[in-house]
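The following exercises concern one protein structure. Please work through each task before reading its solution.

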Amino acid sequence: MLTVTRRRVLVLAILLSAMAGALAGVRLVAADSPMHGIDVSSFQGSINWNAVASGGISFAYIRAGEGTSSPDGDFQQNWNGAMSAGIKVGAYLYFHPSEDPNAQADLLLQQLQSVSFGPGQINPAIDVETTDGLGPVAVAAALGAMVNDLNAALGQLPTIYTAPSWWDGNVQSGAFANDPLWVANWCTGCSGPSTPANNWGGYGWQAWQYTSSGSVGGIAGNVDADVGNPAVPTYAGATPPGVSGGIALRADGKSGYTVDGQGRITSFGGAPAVTSPATWPYTNIVRGIVLRSDGASGYTLDGFGGLHPFGGAPALANSAYWPNWDIARGLVLDPDGLGGQVLDGYGGIHPFGNAPTLSTSSYWPYWDIARGIALDPDGNGGQIVDGYGGIHPFGNAATFGSTGYWAGWDIARGIALLPSGSGGYVLDGLGGLHPFGSGTSTLYGAPYHSGTDSARGIALVSCGNPGVLCAALRTAAFKGTPGGATLITNVVPNDSGGVALRSDGVSGYAVDGSGSIVAFGGAPAVAQPSGFTGGDIARGIVLRSDGVSGYVMDGYGTLHPFGSAPTLPNTPYWPGWDIARGIALDSDGLGGQILDGYGGVHPFGNATTLSTTAYWSGWDIARGLALDPGGQGGQMVDGYGGVHPFGNAVTPSVSAYWSGNDFARGITLLPSGSGGYVLDGYGGVHPFGTGVPYLQGAPYHNTLDTARGVAAGSCLGAHTCVVERTAAWMGSSEALTRADDTTTYVEGGVALRSDGTSGYTVDEHGDITAFGGAPAVTPSATWTSNLTRGIALRSDGVSGYVLDGYGGLHPFGGAPALATTGSWPSWDIARGIVLDADGLGGQVLDGYGGVHPFGNAPALAVTGYWRGWDIARAIALLPSGAGGYVLDGYGGISPFGTAPRLTSTAYWYGWDIARGIALLPSGTGGYVLDGFGGVHAMGSAPAAPSPSYNSSVDAARGISVVACSPVACGVVDSLAGRYPNPEDGTATFTVP
């Protein structure tokens with residue numbers, strides 16, 4: 001691999017102590033030697049595999065093909081010959097990033113299907129050694145797509161073959177560290193290979209191709225020689241992707257333990273550290289962890305059914321043990337901690353300790369699809385979940401219908417029961433929780449990761465108010481990644497009510513599920529409507545033009561007038577069917593439309609029947625509707641944020657869509673009808689259509705899905721006002737006026753001059769404004785669209801560059817034009833800019849963490865790269881310019897170039913609020929800025945006071961630090977999102 005001949009001869013490994021023997025004839029049979037192998041293709045011609053085995057070779061990588069359409073003609077012959085000679089075999093495919101990555105994955109899978117591939121053989125590998133002329137971002141993206149495809153098909157991440165210097169120069173990504181590494185590093189006299197991507201994210205190598213000039217009997221000519229560390233990565237079977245370990249939660253509901261595939265236990269949430277039991281180096285076979293009632297002892301389960309006590313737990317007899325059969329999938333303990341059940345992949349339940357034998361109604365011979373097990377409180381029954389979300393009882397447990405079932409999608413990863421055993425939740429691999437049985441309701445705040453199948457465990461406890469549940473969810477199980485658990489809570493008992501805004505834009509009425517109307521913002525009280533006897537069925541409220549009368553709609557489509565509103569004939573009525581989801585009135589107040597959950601739009605009063613382009617039979621996902629001014633059309637929103645026209649309305653552009661996340665809660669249109677806003681349950685307001693400004697000041701609740709209504713009207717001149725219902729089930733409301741100023745959401749930023757008190761801010765259009773006495777400057781270009789992403793000053797303090805979202809650089813104040821290597825026409829992914837000290841070069845950051853030089857700056861290796869995840873937010877350079885740091889939206893700091901790793905006081909998992917980073921002049925520390933103005937120290941920097949903290953306005957966009965004797969000074973652009981109002985701008989802070 002890595003040769004000019006098109007043979008696939010990659011560079012795996014051998015320890016130096018055995019290298020000389022390998023080169024001489026590969027008779028490496030010492031008992032303490034690692035596994036020795038070769039990798040071959042049709043280039044080797046006919047191979048005598050019995051002679052190869054006699055030469056001390058125990059494994060072989062065999063080329064399956066190249067690209068999308070070039071299978072290796074000798075693949076099956078080589079595979080079968082090696083197998084018959086007793087050699088462990090694996091397949092690799094030579095990867096072309098310019099070709100369809102999914103089709104390349106299909107070719108590799110088709111070749112594997114043509115032979116006896118299965119558990120115990122070598123993990124499939126991708127040979128990554130050519131760019132096809134593409135840049136690092138494109139290469140990494142294509143590789144990521146193929147990795148994901150193989151992961152989904154095989155339930156295990158593939159191995160990646162590459163060479164250190166080639167990878168660091170051409171892929172520049174640390175995002176593949178969870179894939180086993182087969183490293184190509186031909187060296188003489190070395191004790192081990194070099195590795196790319198910061199020692200592959202700290203995980204190191206598992207196979208090493210140490211030469212392309214090996215010699216072994218049975219093969220004419222040279223052959224690539226490899227070793228394992230101590231063994232090559234093996235395929236574990238069709239288990240969930242990256243399976244290993246799980247989570248065990250303690251009684252406090254916030255702390256516990258996770259275990260990775262090698263049996264290493266990590267505590268989280270304050271749980272005391274425990275000594276890990278037996279570990280299995282380089283063998284990913286741990287399948288579960290359980291705690292005893294003391295919260296500090298328990299058992300881990302290996303794939304063969306073995307139990308391993310930790311923390312003082314007694315050894316328990318284990319009646320189920322399958323040597324060499326990695327089929328154990330789950331583990332549960334009885335309440336006394338002296339027995340329990342082991343689940344195998346076929347659905348079998350096996351008692352251990354003093355637990356009784358329990359019958360099971362679900363067993364799938366040859367189908368390894370069981371994924372999780374949960375016990376009833378009495379220990380005499382429980383539930384199994386299969387990979388498709390099906391729930392199957394065993395013992396004396398009741399049968400439940402599952403609300404989460406995905407035919408053909410093996411993504412269920414865990415199951416947990418309520419303390420009562422009356423119901424519970426299924427966990428999917430992306431972090432989604434699905435209730436079943438009785439006594440359950442939707443749990444909000446789940447860290448859902450679309451496309452990242454990494455959630456591996458779930459546990460439930462009672463916490464907070466009576467009847468409220470907390471769930472702890474492990475989201476990075478497969479490599480023992482720190483992070484532990486995420487708590488999510490059930491806080492919304494229903495989906496009712498709403499808000500109606502009066503014409504002043506600041507007052508109106510909210511309604512709860514029982515039909516009780518509450519006035520807010522100075523609106524006069526109104527008489528309550530009739531027809532509600534305590535049932536939670538109110539689903540919406542609308543006002544007539546007088547502002548004091550209107551209608552409450554219940555879930556069956558009935559209208560209940562209040563104030564002086566007349567009774568209107570109501571054609572949609574569904575007795576016993578609680579499917580009404582939204583209501584809108586015509587301008588005359590004598591008719592309107594009702595939305596059902598399937599997307600049907602139904603007229604009442606004098607309104608006409610309108611056609612609808614969106615209807616989902618059997619899918620109750622419609623959440624709200626809004627009428628155009630003429631009443632002859634409008635828009636409906638589904639729970640995922642999709643906006644769908646009906647009647648004569650046009651199809652709008654939509655900026656918010658959450659596939660698989662049903663949390664859109666309302667929709668409102670501007671008075672013009674040209675666009676509007678979608679409300680999510682957490683209070684986020686998302687614009688769609690044309691002429692719709694971004695609105696600042698949302699009371700966003702990251703874990704509380706409680707917002708239930710949104711309305712927009714004209715107020716304060718040309719500004720838009722929004723009132724948001726945030727406590728739907730209690731009938732209370734929160735009136736929030738959000739004034740859009742003359743600009744939309746500013747990315748921009750701030751650049752500080754050396755005096756520490758003056759500088760420049762830039763808005764989203766590229767317009768530069770001086771502050772603190774800095775002289776005015778004229779930008780070289782401005783934009784009518786919102787794509788400014790940063791500003792950087794040269795040492796003269798009056799010239800520099802503005803960065804647009806496509807990576808383009810725009811000089812101002814006399815700065816020279818500089819060549820840029822990072823520019824992506826029509827791809828708005830540039831996120832930050834920094835200048836070298838000479839002002840003639842620097843680095844541009846893209847949203848995936850890529851760092852791109854411009855001017856005379858050198859290319860720098862990047863250790864933080866998130867393919868497909870646009871989370872990079874800011875960049876800072878060391879004084880030398882030879883390295884620096886990338887800040888992601890969660891506050892994580894990733895070094896690049898020669899920069900050492902720095903610790904930080906700021907990290908908000910799941911909260912994308914980090915906005916800026918600045919280094920001290922020494923480069924040994926600095927500060928992270930969050931969007932609310934908070935300043936957080938990192939490295940050696942002392943703590944800084946917050947200059948201008950506003951917990952509800954995520955507007956801070958830039959931070960700079962300079963030395964101003966005798967202290968360090970900083971400036972925060974603290975209200976960028978509403979700049980250039982005179983009262984907004986910057987705030988300073990100082991550090992002792």
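A disulfide is a pair of cysteine sulfur atoms within 2.5 Å. The structure is a predicted model, in which local features need pLDDT of at least 70, side-chain atom pairs count only at pLDDT 80 or more, and totals for chains, interfaces and linings use all residues. Residues are numbered from 1 along each chain as its sequence is written, and side-chain values use heavy atoms, with hydrogens and water left out.

**Exercise 1.** Identify the cysteines joined by a disulfide and state the handedness of the link.

Step 1. The search of the whole structure yields one disulfide.

Step 2. Its partners are Cys187 and Cys190, with an S to S distance of 1.7 Å.

Step 3. The angle about the S-S bond is 55°, and the link of Cys187 and Cys190 is right-handed.

Step 4. Buried means under 20% relative accessible area, exposed over 50%, and partly exposed in between (1.4 Å probe, protein chains only). Cys187, at 18%, is therefore buried, and Cys190, at 14%, is buried too.

**Exercise 2.** Determine which residues of helix α3 are buried and what covers them.

Step 1. Helices (H or I, at least four residues) and strands (E, at least two) are DSSP runs, numbered from the N terminus. Helix α3 spans residues 75-84.

Step 2. Its buried residues are Phe75, Asn78, Trp79, Gly81 and Ala82. An α-helix has 3.6 residues a turn, so residues three or four places apart point the same way.

Step 3. Contact means heavy atoms within 4.5 Å. The cover over the buried residues of α3 includes the strands β1 (36-40), β2 (59-66) and β4 (88-94), together with the helices α2 (49-54) and α4 (101-113).

Step 4. Just after α3, Gly86 adopts a positive phi of about 85°.

**Exercise 3.** Which residues of the largest nonpolar core touch the most other members?

Step 1. A nonpolar core is a set of buried Ala, Val, Leu, Ile, Met, Phe, Trp, Tyr and Cys residues joined through side-chain atoms within 4.5 Å.

Step 2. The largest such core has 68 residues, and those touching the most other members are Ile38, Trp49, Tyr61, Trp79, Leu143 and Trp167. Helix α5 (residues 136-154) gives the most to this core, with eight residues.

Step 3. Another core, of 17 residues, lies apart from it and has Leu878, Leu887, Ile917 and Val928 among its members.

**Exercise 4.** Locate the salt bridges of Asp578 and of Arg789.

Step 1. A salt bridge is a side-chain nitrogen of Lys or Arg within 4 Å of a carboxyl oxygen of Asp or Glu. The whole structure contains ten.

Step 2. Asp578 pairs with Arg539 at 2.8 Å, N to O. Because Asp578 lies in the loop between β33 (559-562) and β34 (580-585) and Arg539 in strand β31 (residues 538-543), the pair ties together parts that are 39 residues apart in sequence. Asp578 is partly exposed at 27%, whereas Arg539 is buried at 13%.

Step 3. Asp578 also meets Arg581 in a salt bridge of 3.6 Å, N to O; Arg581 is buried at 17%.

Step 4. Arg789 bridges to Asp828, with the closest N and O atoms 2.8 Å apart. This pair links distant parts of the chain, 39 residues apart: Arg789 belongs to strand β49 (residues 788-793), and Asp828 to the loop between β51 (809-812) and β52 (830-835).

Step 5. Through shared partners, salt bridges join Arg539, Asp578, Arg581, Asp620 and Arg623 into one network.
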